[in-house]
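Hello,

Here is the structure we talked about passing on. Please open it first, then read my notes underneath.

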There are 4 protein chains.
Amino acid sequence: MMLNGEKKIARPFRWAMVGGGRLSQVGYKHRTGALRDNTAFKLVAGAFDIDAERGKEFGVNIGVDENRCYPDYKTMFAEEANREDGIEVVSIATPNGTHYEICKAALEAGLHVICEKPLFFTSEEGEEIKALAARKGKIVGVTYGFSGNQMLLQMRAMIEQGKIGDIRMVELQYTHGFSANDAADKTSAAQKWRVDPKVAGPSFVLGDLSTHTYYMSQLIMPQMKIKKLLCDRQSFVGSRAPLEDNAYVLMHYENGAVGRLWTSSVNTGCMDGHRIRIVGSKGSLEWWDNLGGELKYEVQGEPTQTLIRAMPYLDDSCNADERLGALHVEGLSDSWANIYLKFAIAMDAKNRNDEETLKNLVYPDIDAGLDGIRWIENCVRSADNGSTWVEFEYKKAALV
Amino acid sequence: MMLNGEKKIARPFRWAMVGGGRLSQVGYKHRTGALRDNTAFKLVAGAFDIDAERGKEFGVNIGVDENRCYPDYKTMFAEEANREDGIEVVSIATPNGTHYEICKAALEAGLHVICEKPLFFTSEEGEEIKALAARKGKIVGVTYGFSGNQMLLQMRAMIEQGKIGDIRMVELQYTHGFSANDAADKTSAAQKWRVDPKVAGPSFVLGDLSTHTYYMSQLIMPQMKIKKLLCDRQSFVGSRAPLEDNAYVLMHYENGAVGRLWTSSVNTGCMDGHRIRIVGSKGSLEWWDNLGGELKYEVQGEPTQTLIRAMPYLDDSCNADERLGALHVEGLSDSWANIYLKFAIAMDAKNRNDEETLKNLVYPDIDAGLDGIRWIENCVRSADNGSTWVEFEYKKAALV
Amino acid sequence: MMLNGEKKIARPFRWAMVGGGRLSQVGYKHRTGALRDNTAFKLVAGAFDIDAERGKEFGVNIGVDENRCYPDYKTMFAEEANREDGIEVVSIATPNGTHYEICKAALEAGLHVICEKPLFFTSEEGEEIKALAARKGKIVGVTYGFSGNQMLLQMRAMIEQGKIGDIRMVELQYTHGFSANDAADKTSAAQKWRVDPKVAGPSFVLGDLSTHTYYMSQLIMPQMKIKKLLCDRQSFVGSRAPLEDNAYVLMHYENGAVGRLWTSSVNTGCMDGHRIRIVGSKGSLEWWDNLGGELKYEVQGEPTQTLIRAMPYLDDSCNADERLGALHVEGLSDSWANIYLKFAIAMDAKNRNDEETLKNLVYPDIDAGLDGIRWIENCVRSADNGSTWVEFEYKKAALV
Amino acid sequence: MMLNGEKKIARPFRWAMVGGGRLSQVGYKHRTGALRDNTAFKLVAGAFDIDAERGKEFGVNIGVDENRCYPDYKTMFAEEANREDGIEVVSIATPNGTHYEICKAALEAGLHVICEKPLFFTSEEGEEIKALAARKGKIVGVTYGFSGNQMLLQMRAMIEQGKIGDIRMVELQYTHGFSANDAADKTSAAQKWRVDPKVAGPSFVLGDLSTHTYYMSQLIMPQMKIKKLLCDRQSFVGSRAPLEDNAYVLMHYENGAVGRLWTSSVNTGCMDGHRIRIVGSKGSLEWWDNLGGELKYEVQGEPTQTLIRAMPYLDDSCNADERLGALHVEGLSDSWANIYLKFAIAMDAKNRNDEETLKNLVYPDIDAGLDGIRWIENCVRSADNGSTWVEFEYKKAALV
C-alpha cells in the first residue's frame, strides 16, 4: 500500500519552527516535508527570523496565528508552555552555532526536537543532548532530508540479502560548484555564516554536505563501521581557511572494505548532487539523486540491471515509502515528507513508550546526528594532522 | 524570489474533492498539489468514494470533519450550500464519464471547478460547460498535472524570444508499457473503466495520456495551430477495441511546421514519461520529465547546451515557479503544487473581477480542457476514417 | 573466437575503387573497412576522382601503383581486364546517378561489385542488375556501413528466440541537422549533388539516410514485411524541392505490427545517428549507435537490462563479429570492417559455388540494395500522392 | 583537413611484432593501428608467439611471408639484419617482464621500438633504455592506445587557453570488474601472468590500467607536476598479494591543485573505461571513453556545454586527428591509428634529424613510458610505506 496521506498517528503534532523564515531556503523544505499530508504535523507557532518583525509578517503569510509568531525561541518556548494547546515539537533551522543551545532549551521545555545538520560542534555536546533527550523521553531527529529517498532502503535490503556479496568498496560523492569563487561569501547571508568557524563550526563542506552522504552510507550499510580514515582538505578560496571548500576522505572499514568520499563546493560547474556506489564481491549498486528513482545493479558477467521506483519487484521496505507510483517522478519534496513522517511516528511511539516501533523505525535520529559530528571530528583531526590516517573514534562523553 | 509558501491570495479557498479516495492514485496528487502550502486551499469536505463508508473513513483519516464526508457529490453540493463556511471550489477526480454531470452540478451550485482530464466526451459538452462557467463567473481548471514543470515555461520564453528560429518540427511522446497485456484490465478498478468506452469515452491512451502532452505543446508554443492531422490507432490487446492502446499522430501546423505524437500503454518495458522536442530553423529544445530539471538547447554548429533548473540565466517566468533551488531535485509533486497555486490565483482574480491577472496567467483553464477534447475528437475522426488526413476542427457548439 | 585479422579466405581479393578520392568522406570508410586486416582485400587500382590528375596523386598517396590510377572507370575496367593480376572486385563510391552504369559495366567486365547506397534510381534498374549479376555469377554488395555493428545481430537473435514476444511496434530514426540551412547546398560538392534530383534521384534524406535504417530493421527482423505505408515529406529549405530534407513514414506490417520512421537533415543541432526500438508483446529492445556497444532490453515488470558488447552472455552470432573485446570501444570503423569481410567471404563462396555459405551469410547483398530502392519508391509514391497510405509494392521487373 | 589515409611520410616502415599472436587481444589492436592506412607501416615479419609453430601459422594467416615468421625475437633480429629489406621497427606486445630485454636487443639491432605499457619494472631500466635509444638515434614509443582520442587534445588546448582557469582538482578513473574473483587468474593465460610479480612487475592494476590514465592526464595538462602522493592499495583476491587489484591514489600538485585516481579490476560489474574530470577555478572539463566523442564543458553559472567530435568549433589540434567526420562514431581503433601514425611520423623525423617536427609532436614517447614507471614506483613506495604521503620522485639513474 502506497502512502496517500492517511494518518499514521492519532492526530498531528503541534509544531513550531525556529528559523526557516523568508530568507531561508531550507525552511521551506521543512514545511514541505512536515505539512505534506497535514496528518503528521500542524504548524502553529514560530520564531522564524532573527528580525522579529519580518518573522511575524512571514509567519502570518504562511498561516500562523500572529500571536504565536515570536521574536525569539526563548520567548516562544516560555509562552507556548503556558498554553494548553502549546507546541509539542520544534524544528531548528538556524545556523549551526546555535543548534546546541536551542536544542537544549527545547528539550528542557519538554519538546521533541528536529534539528538541521550538522547537529552540534562537538560530540561532547552531542552526548550531553542525547542524555538529556533520554531523561526527558523525547526524540531528537536530524534533517538529512535527502535520505528519505526510498531507493536507499532498496539498497539496504539488497545488501542485507547478500545480493552484492561482501562489501569491498564504497564510493561517496556530494559536490557542487556554487562556491567556486568568493562572491557569495560576501553577499549572501546564507553563505556568509557557512564559512565563519564561529558560526559554522570546525568545517564547511564536510559538515554542510558530507554529513548527508555519510548518513546515507550508514543507512544503506548499517553493519559497516569505519576503522580508520584519512582526510585531505583544502581551502581553494583562501579567505575560507581554516574551513575547507573541498575535501577527500579515504576510509578503511572493519571488515576490510575500503572507501572514498569527495565533498566540495568548488567543483566548478557541477550540478550533481549525491552519488553513491557500493561494490561487493558479487555485484554493485549505484544511485544518483538526480535520477533518484533508478538504481543500477551490476552483477559481474550479467547484463546490467536498472531497478525503477514503485515497481512490484522492489523490496517491501522500499515500496512502503512510495507516494506517487510508477512513471510519476518523485523528488526531494517526497524525500523530506518521508523523513518528517518518520519523525512523527517516532515521537508518537516515544510518547506511548512503544519501544518496538522505535526499534524498527529507520530514520535519522540523535545517534545519526552524533555520528555526523564524529564524522566531522575524525575528518578534521586527520586533516589537521597532516592528512594522515587516524583511528576512527566513537568516543563518548564522560557524562553518559 | 522563489516560492516558499507565503500566501499569494488573501486566504485559502475552502476546497472539496469528488472521488480521489483510498483506491485512487491521482487523488493524492491533487491533495499534494493543493495543500502544499496551506495558503491556497484548505480541504474541508469530500465525497471521496463510491463506497460511502470507505469514503468517510478515508476522509476522516486525512483530517476532514466526519460530518463533511458525504456519500455522493449531490448531497455534498446541497449540504455545503447551506453552510456559511461551505466549500468554494471542488476537484473532480472520478472516471471520465462522470465529469460532465459533476462539473455542471458544481457550477450550478456556484462552485469553482478543478477537473481531471480528459474533461468530457464531446466538445459540445465542453462548450456548454464553458458557457455555464462564464455565466456563473467561475473558473474551470484542468489537471494536466505534469504541465506545472517550470522548464516548460523556459521553453515557451525561449521560443517566443526567437532562440530556435521558426518552428519546423514538433516531436511529442508519452508512452508506457503497463498495459502490455490485459491482466490489469480485469483486476484493477482503475484500469477497468479506462478501457470501457461507456466510462472512458471515445479513446483510451489518446485521452488518458496524450491530452497531457498536447496541452504541454500548446503551453510551449501558444502560437502554433494544427491545420490537419492523421491518427493511426491500434488495439493490440484485442478486447480493448474500439479503444486504442497505441496511437501515432502526424500533424501539419498552419505555419508549415510538421509534427508527430506517439502515445501508448503497450510500449513494453518503457518507463519513460513525457518527451518533447521542438526543432526550429536555428536551434532545438528538448525536455524529458524524468530529468525534468534539465533542458537541452541545441544550436546547429555550436556546442550543445544543457540549461538547469533554478539557475539565474533562466527566464524570470521560469524561475517564478521555482521552489527548492538548485541541486535540489524537483518532481511531480512540485509541478502539481504549481498548477494548483495558479488555479487559486485564477479563482481569486475571478472573484475580484481582476481580468488583468487572468489574462496573464498561464495555466490549464477551460479552453485547455476543451482543446484536449477537440484533440481527441480530431484524432478519433481521422483514425475511424481509415487513418487519413483530416482538417483540424475547432468547431464551437451552437449555443455559444 | 574473436576476429583478429587471420584470413577467412584463401587470399585477399584484388580490389579497386571508383570514386572515393580526396574530397570524399565515405571513400576513406570503404578503405578502412576493406583493408582492416589486409587478408580480405588488397587495393591495387582506382579511378578515384573525376579530376584525373588529382585522382592519380591521391591514389599514389595511398599506395596504389601510379600506372593503375586511371582517369575513369571505363579505362580502368578495360585495362585491368588485360592484366593477369587485374582487379577482381570494384567498390563504387560516386554520386547516386552514376551507380547504375558503373555497376553494369563492372559486372559486364566480370567483376564483383560493392556499391554505395541508394543503389539505383528505380527498382527496374535494380532487377536488371540483379539478373545480370546472377548471369555473371557475381556478388553485388551494398555499403550500409553502419549495419555491421554486431549488436544488431544480437537483436536479431533475441527476436528470433522470442525474447520480446510478438513484434508490435517499430521505431526507426536517423536524423541530423547539418542541412538546417542551405549554406552547404551551395558550397559543398558533396552536398550539392545530394539535393539535385538529376544526380541524387527521387529523394534526398529518404535515400541518403533512411535506407540505412530500413536495412537495419530488415536485418534485425527478417520476417517482418511491410504491408502498407504512408510517407509525409517536406523541403524546409525550399530550394531543395521536390527533394525532401525531412520525412516521416508510418508503416503497417503484415503481422499487424505498426511502425514509424523519421529521417531528417534539418533536425537542427541533432548529432544523433541511428536510433532503433523494437517493441514486442513481452519486451522491447533499443539501440543507439552513439553507444553502439549497449543494447537495452526491457521486459515489462522486470528491471531494465543493458546488454554490453563482447560479453559471454551474448549470442554467438553477435560475438562472432567481435574484434576488440570488452571495455574497448568499437565504432563505425569496426562496423565497416565487418561488412567488408562479409563481402569478401560472399565473393569467395560465389567463386567456389559454395551456396551453403552464401545462404547463411547475413550481409547487405543485392536484395538489400533492391529493397532500399523499393523503400524509396514506395515512400515517394505515398508522399507524392498527398501523403496517403499505399500498399507496399515488391514489384519485379519483367526480365526476372 | 581530416585524415584520410594519404601518406604523411615518404614510404611505410617495414614493421615486425614480437608477441601479439593468436591468443593476444592487444596484438590485434597494434595491427589495427599500424596498418590502418598501409601508408605508415607494412607488416613484414614477426615472432608472434612463444609457440613457434602456432606463431608461424598465425603469421602466415595474417599475410606475413612464412620465412619471416620467426621462432623468437633474437632469431628475428639477427636474420632480418641480414636482409636488405629487413625490418626497421618492432612492436613488443609480450608480458611486462620481457619488455626490457627485447627493447634493448631491438635498439642494439638498430631498430625503432614500440612497446606495450608498463614499459619496464624500474626507472633505472627506463633511463638506461632512454640513453641507449638516444645513442642509437631511435624512437621508443609506448602504446597508451586509448590516448589517441583527439578529444584529449581538445582538453589540452582549452586548458592551455585558460578556458577553465587555474586547475584545482583532477579526477582520474580507470576501473573494471573482470577480476572480481580469481577464476581467470587460474584459467586465462593473459590474466595469469598479470598477477605474477615475476612477470608483471611490482603492480597489477596500477601498471596494467592506471599508467594509461596517468599518461592521459599528462597529455591534457603537461604543465602539471605531482609534488606528493599517497597510494592505498588492496588485494581483494588474497592470492594476488602483494599485487593489488584495487588502488586509490591521492595527489598534490606543485601548483596547489589536488587530485584522485581510482584504478581497479574488482569494481564488480563496472564496464566503464576511462573517466577524467579536470576542475578549474572557472570551469571544468569531463570526458568518458565510452562516449569518447563528447566533452562536457561546465562553466559555473552558465549552461553546461557538450562539445562534439569533428565540429568546426573544436581546436585545430583536435580536428587534425579526425578521421570519420561528424555523426560517425569513432572508437578505440581510430585512437590506435592516431597513435601509430604519430610513431611513424616521429621515426621518420628522427631518421631525417628533423628535431622541429619531433619537438611539436604530441605522442607517448620514451619519457611518457618512463613517467609511467615512475608513477608505479611512487605509488608502490607509498602503499608499501603504510599508505602514507611520499614526495613524488623524478629520480634519474646514475648512468644518465
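Below is what came out of it, from the whole chain down to one helix.

First, a caution: this is a predicted model. Every value here is computed from it.

**The single chain**

Chain A has 400 residues. It holds 14 helices and 14 strands. Along its principal axes, the C-alpha atoms fill a box of roughly 65 × 50 × 45 Å. The radius of gyration of chain A is 21 Å. A compact globule with 400 residues would come out near 21 Å, so the two agree. As for burial, 62% of the residues of chain A count as buried. The contacts also reach far along the sequence. Take those in chain A between residues at least 6 apart: 71% of them join residues at least 24 apart.

**How the two copies are arranged**

Chain A superposes on chain B after a rotation of 180°, with 0.0 Å of shift along the axis. The RMSD is 0.0 Å. The two copies are therefore related as by a two-fold rotation axis. Both use the same surface: 100% of the contact residues of chain A recur in chain B. Which residue of chain A comes closest to the rotation axis? That is A:Gly331, with its C-alpha at 2.2 Å.

**The contact between the chains**

Each side is counted separately: 39 residues come from chain A and 39 residues from chain B. On the chain A side, three helices each supply at least two residues: H1 (25-34), H2 (52-61) and H12 (332-351). H1(A) gives the most, with 5 residues. What is the make-up of this side by class? The side of chain A that touches chain B has 12 nonpolar, 16 polar and 11 charged residues.

**A closer look at H1(A)**

Is H1(A) mostly covered or mostly open? Mostly covered: 8 of its 10 residues are buried. The buried stretch includes A:Gly27, A:Tyr28, A:Lys29 and A:His30. A:Arg31, A:Thr32, A:Gly33 and A:Ala34 are buried as well. Within chain A, the buried residues of H1 pack against three strands: E1 (13-19), E2 (41-47) and E3 (89-93). They also pack against H12 of chain A. H12 is also one of the helices that supply residues to the side touching chain B.

So H1(A) is the place to begin when you look at the model: it gives the most residues to the side that touches chain B, and it is mostly covered.

Best wishes

Methods:
Residues are numbered from 1 along each chain as its sequence is written. Chains are lettered from A and ligands numbered from 1 in the order in which they are written. This is a predicted model: local features need pLDDT of at least 70, side-chain atom pairs count only at pLDDT 80 or more; totals for chains, interfaces and linings use all residues. Copies are superposed by least squares on the C-alpha atoms of residues with pLDDT of at least 70 in both. Two residues are in contact if their C-beta atoms, placed from the backbone, lie within 7 Å. Helices (H or I, at least four residues) and strands (E, at least two) are DSSP runs, numbered from the N terminus. The radius of gyration is taken over C-alpha atoms; the globule rule is 2.2 Å times the number of residues to the power 0.38. A residue is buried if 20 or more other C-beta atoms lie within 10 Å of its own, exposed if 12 or fewer, and partly exposed in between; C-beta atoms are placed from the backbone. Ala, Val, Leu, Ile, Met, Phe, Trp, Tyr, Cys and Pro count as nonpolar, Asp, Glu, Lys and Arg as charged, and the others, Gly among them, as polar.
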